Structure formats: structure tokens, C-alpha cells
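Visitor: Could you take me through the aromatic rings in this model, and the charges that sit over them? I would like the cut-offs along the way.

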Amino acid sequence: MEAINILTAPLTSDEIEWKIISSKNGSTTLAPYIDARAVMTRLDRAFGPFGWQVRYAPAQVGNEHGVIAGITIKNPETGEWVEKQDGSGASDMEPFKGGISGALKRAATVWGIGRELYTYPRVIVEGEHKYIPWKVLERLKGLPKAVAEGRPLPEVIRLTTEGESVRKG
């Protein structure tokens, strides 16, 4: 089915963003992610704007509150609506909006959108940074293509602030 191929196609460098997940002990660790707008664009490309929908529901486990997102897609072959769900807790910044966005992105992963992000190498940049150095971002633009082509990659990529590989020695 062509629509599923569109959903599960590897993400491009234009669809991937990077965030700092840790900045301590002289290094900064980065992680790739997809934002909610890129998820919606993928769904529109695969099924058209009227061929999918998303529904949100509040969730609570113990004292923790979150959101469940259900992405429902109209099967182009049968016309049947099929839903897959996943959830997220509130985020640190903009807790309400972040929880909704997180739930959508997690539900998209259940459909296969961006699942390969879990296979990306860990990226570590020398120094403790509040922002990702521009040259590092430029260097990382080639990573999605390498992942999509199945090239062997190290478990960890270590970069200088200039985006150059750190040489062991």
C-alpha cells in the first residue's frame, strides 16, 4: 500500500530537529526528534487532509497526568477507519501543549512515522552548551541519509563545536 510506504519512509533532514538532552561534565548530548507539524504533513501526504484524524483524551496513572492521542486513518483500500494510540505526560516547557504534541508524535511512531529515530547514534558535542552550535547542526544534516541508506554507524558520534569528529588520541 503506497500510503504506508509514505508513512514509514525514513525521515529527511528537513523533518528532523535536534534537542539538547543533557549538558554536563564538559559535554552536551543531543537527540533527534520530529515535531508535530512534520507528523501532520506526513499524514496529509499519505492520506490527504480528510483521510485521517486525531483525537485526544486525558489520562491519569497514579498521581501522573497525561494525554492519549489516537490517530485514526481511513484505509484507502477498504474505507475502514483504523485507530492507533499512544500517550505522553506533560512536558517541562508549556506542559499542556507539550503533552498533546508528545502524545501525537508517539502515536505517529505507532503508525511507523519516524520509528528509525530510535536507531540513531548518540551525539555528543564537546563543551556544555545552552544552544546547539550551528556547525554541529550542519554536520548532522547528513545523518538521516546515512541512516536511510543503512550505512554502518557508530553507537556514539563525538563532535567538536565546529562539527568536526573528535579524534581519539
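Guide: Happy to; here is a walk through the rings, their surroundings and the charges. This is a predicted model, in which local features need pLDDT of at least 70 and side-chain atom pairs count only at pLDDT 80 or more, while totals for chains, interfaces and linings use all residues. Residues are numbered from 1 along each chain as its sequence is written, and side-chain values use heavy atoms, with hydrogens and water left out.

Rings of Phe, Tyr and Trp (its six-membered ring) pair if their centres lie within 6.5 Å; planes under 30 degrees apart count as stacked, over 60 as edge-to-face and the rest as tilted. By this rule there is one aromatic pair. Its partners are Trp18 and Tyr120, tilted with 55° between the planes and 6.2 Å from centre to centre. Trp18 belongs to strand S1 (residues 16-24) and Tyr120 to the loop between helix H3 (95-110) and strand S6 (122-126), so the pair ties together parts that are 102 residues apart in sequence. Helices (H or I, at least four residues) and strands (E, at least two) are DSSP runs, numbered from the N terminus.

Trp18 is buried at 13% relative accessible area, and Tyr120 is buried at 10%. Buried means under 20% relative accessible area, exposed over 50%, and partly exposed in between (1.4 Å probe, protein chains only).

Now the charges: one sits over a ring if NZ of Lys or CZ of Arg is within 6 Å of the ring centre and within 35 degrees of the ring normal. Lys19 lies over the face of Tyr33, 5.5 Å from the ring centre. Lys84 has its charged end over the ring of Trp111, at 4.5 Å from the centre.
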